[in-house]
Amino acid sequence: MSITKERLLSIINRALNFEEDAVETVSRNISSAVEFLEKDVVIKNKVKEIMAQLGQESVGHAQILHTLKNSIIEEKKNVY
């Protein structure tokens, strides 16, 4: 099975949008909900820690996707 360069870049761009926008929004919403609803400080802190880790991992994923995207753009190949 093969995929065109244009289609592959489209998929990568969607993944980048998710990593850069959706993960941040979901993380912020979860953190806000826990801050508002949860009374236990230990649980609040654990959720904050997990959300921070998720954010860091998301940045790493975005960097990998940008590198992949740039290498595909630079290649002359049109089918993968």
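**Entry 1: K44 and its partner**

I looked up K44 in this predicted model and found that its relative accessibility is 17%, so K44 counts as buried, the cut-off being under 20%. I then checked which side chain K44 pairs with, and found a salt bridge between K44 and E35, with 3.7 Å from N to O. E35 has a relative accessible area of 38%, and I therefore wrote it down as partly exposed.

**Entry 2: K48, also with E35**

Next I asked myself where K48 and E35 lie in the chain. Their side chains meet in a salt bridge, at 3.4 Å from N to O, and this pair links distant parts of the chain, since K48 belongs to helix 2 and E35 to helix 1, with their positions 13 residues apart in the numbering. For K48 I noted a relative accessible area of 46%, which makes this residue partly exposed.

I reminded myself that side chains of opposite charge can pair when their charged atoms come close.

**Entry 3: a pair inside helix 2**

How far apart are K46 and E49 along helix 2? I found that they are three residues apart, which means that about one helical turn separates them. K46 and E49 form a salt bridge, and their closest N and O atoms are 3.4 Å apart. On accessibility, K46 stands at 43% and counts as partly exposed, while E49, with a relative accessible area of 48%, is partly exposed as well. I added here that salt bridges with shared partners join E35, K44 and K48 into one network. For the whole structure I recorded four salt bridges, and among them are the pairs K44 with E35, K48 with E35 and K46 with E49.

**Entry 4: D21 in helix 1**

I turned to D21, which sits in helix 1, a helix that runs over residues 5–37. Its relative accessible area is 47%, so I listed D21 as partly exposed. I also compared D21 with S58: the two are 37 residues apart in sequence, and their C-alpha atoms are 9.9 Å apart in space.

**Entry 5: G60 in helix 2**

My last residue was G60, and I placed it in helix 2, which covers residues 41–74. Is G60 buried, partly exposed or exposed? With a relative accessible area of 23%, G60 is partly exposed, because the partly exposed class lies between 20% and 50%. Finally I looked up G60 together with I11, and I noted a separation of 49 residues in sequence and of 18 Å in space, taken from C-alpha to C-alpha.

Technical notes. Residues are numbered from 1 along each chain as its sequence is written. This is a predicted model: local features need pLDDT of at least 70, side-chain atom pairs count only at pLDDT 80 or more; totals for chains, interfaces and linings use all residues. Side-chain values use heavy atoms; hydrogens and water are left out. Helices (H or I, at least four residues) and strands (E, at least two) are DSSP runs, numbered from the N terminus. Buried means under 20% relative accessible area, exposed over 50%, partly exposed in between (1.4 Å probe, protein chains only).
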